[in-house]
Amino acid sequence: GGKEIPGTMSWATAASVSTPLQPPAVQIVPGHADTGTPGSTLVFAHTLTNLGVAADTLDVTYSATQTWPVTLFLDANGDGLLDPGDTVLTDTNADGIVDVGAVAAGGTAKILVRVFVPAGTAQCASDTITVRATSSLSPLRSDATVDLISVGLVPLLSVAKYIDAPGTTATTAPPGTTLPYGIVVTNAGQAAATSLVVTAIV
């Protein structure tokens, strides 16, 4: 039979190890640089990624060096183009900031940034738009990218029509007189005008 030895004992312990959860993390890419002209519209595509381990609603904000109109869209089909099915970002979680909705851990969302360059904008003007994606779970976790717009040189055209007959005007020419007309096109801009077509209405 067994024998118990006084003063001895044995036991087993179970150790539990807790691993801290990875904090929320966000990425937004890429940045862009493009050239616009006064009165033109530019669209920049970005991908937002939830790098955390839990679903997160990603807020989207922007700041700009100009006051040109900017609109943020959800790129519904992810093609990088502004299509009829793409919708303006809204605040889906009622925190006062527009967002792309809930994004699964490791998932992505596509957005479009539309910028309108106002007519009359000075040549060589520029605008720097900083677009930021922020975790709703941890608002201190965010990432940003930059879209740069430079207003290129554009032609500034004026057209003048004249009678190519010295001393003759449309009111002094005798009836039945054939008057030769000339047209002068002046480019006062800083860029060449190409494929120019002039239509004269008599």
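User: In this predicted model, how many bridges join β5 to β8, and which residue in β8 stands opposite valine 70?

Analyst: The model is predicted. In it, β5 and β8 run antiparallel and are joined by 5 bridges. Within β8, the residue standing opposite valine 70 is valine 115.

User: Which strands stand at the edges of the open sheet of 5 strands?

Analyst: The order of this open sheet is β1-β3-β8-β5-β6, with antiparallel pairing. An edge strand has a single partner strand, so one side of it is left without a neighbour in the sheet. The strands in that position are β1 and β6 (87-88).

User: Which element gives the largest share of the largest nonpolar core?

Analyst: This core has 24 residues, and those touching the most other members are Leu48, Val60, Val100, Ile111, Val113, Val115 and Ile149. Elements giving two or more residues to the core include β3 (41-50), β4 (56-64), β8 (108-116) and β10 (142-151). The largest share is 4 residues, and the element it comes from is β8.

User: Which residues is isoleucine 149 in contact with, leaving aside neighbours within four places in sequence?

Analyst: Isoleucine 149 is one of the core residues that touch the most other members. Val115, another of those residues, is also among the contacts of isoleucine 149. With neighbours within four places in sequence left aside, the contacts are Asp34, Gly36, Leu42, Phe44, Trp68, Val115, Val117, Ala125, Ser126, Asp127 and Ile129.

User: Which residues stand opposite serine 150 in β10?

Analyst: Strand β2 (residues 32-36) runs parallel to β10 and is joined to it by 5 bridges. Strand β9 runs antiparallel to β10, with 9 bridges between them. Serine 150 therefore has a residue opposite it in the β2 pairing and another in the β9 pairing: threonine 35 and serine 126.

User: How many residues does the hairpin that joins β9 to β10 pass through?

Analyst: β9 covers residues 126-135 and β10 covers residues 142-151. The two strands run antiparallel. The hairpin joins them through 6 residues.

User: Is threonine 57 buried or exposed?

Analyst: Threonine 57 has its place in strand β4. Not counting residues up to four places away in sequence, threonine 57 touches Thr92, Asn93, Asp99, Gly101, Ala102, Thr134, Ser135 and Ser136. A residue counts as buried under 20% relative accessible area. The value for threonine 57 is 15%, so threonine 57 is buried.

User: Which elements give two or more residues to the nonpolar surface patch?

Analyst: Leu157, Val159, Ile183, Val185, Leu196 and Val198 make this patch of about 470 Å². Isoleucine 183 has its place in strand β12 and is partly exposed, with a relative accessible area of 39%. The elements that give two or more residues to the patch are β11 (157-163) and β12 (181-187).

User: How many helices and strands does the protein have?

Analyst: Read along the sequence, the pattern is β-β-β-β-β-β-β-β-β-β-β-β. The secondary structure comes to 0 helices and 12 strands.

User: What share of the contacts with a separation of 6 or more comes from residues 24 or more positions apart?

Analyst: The protein has 202 residues, of which 28% count as buried. Its accessible surface comes to about 12,600 Å², and 58% of that belongs to carbon and sulfur atoms. Among contacts with a separation of 6 or more, the share from residues 24 or more positions apart is 69%.

Definitions and conventions: Residues numbered from 1 in each chain as written. Predicted model: local features only at pLDDT ≥ 70, side-chain atom pairs only at ≥ 80, totals over all residues. Heavy atoms only, no water. Core = buried A, V, L, I, M, F, W, Y, C linked by side-chain atoms within 4.5 Å. Buried < 20%, exposed > 50% of the residue type's maximum accessible area, 1.4 Å probe, protein only. Contact = heavy atoms within 4.5 Å. Pairing = 2+ DSSP bridges. Patch = residues over 30% accessible without salt bridge, like charges linked within 9 Å, V, L, I, M, F, W, Y side chains within 5 Å. Areas by Shrake-Rupley, 256 points an atom, 1.4 Å probe, with all protein chains shown as cover. Salt bridge = Lys/Arg side-chain N within 4 Å of Asp/Glu carboxyl O.
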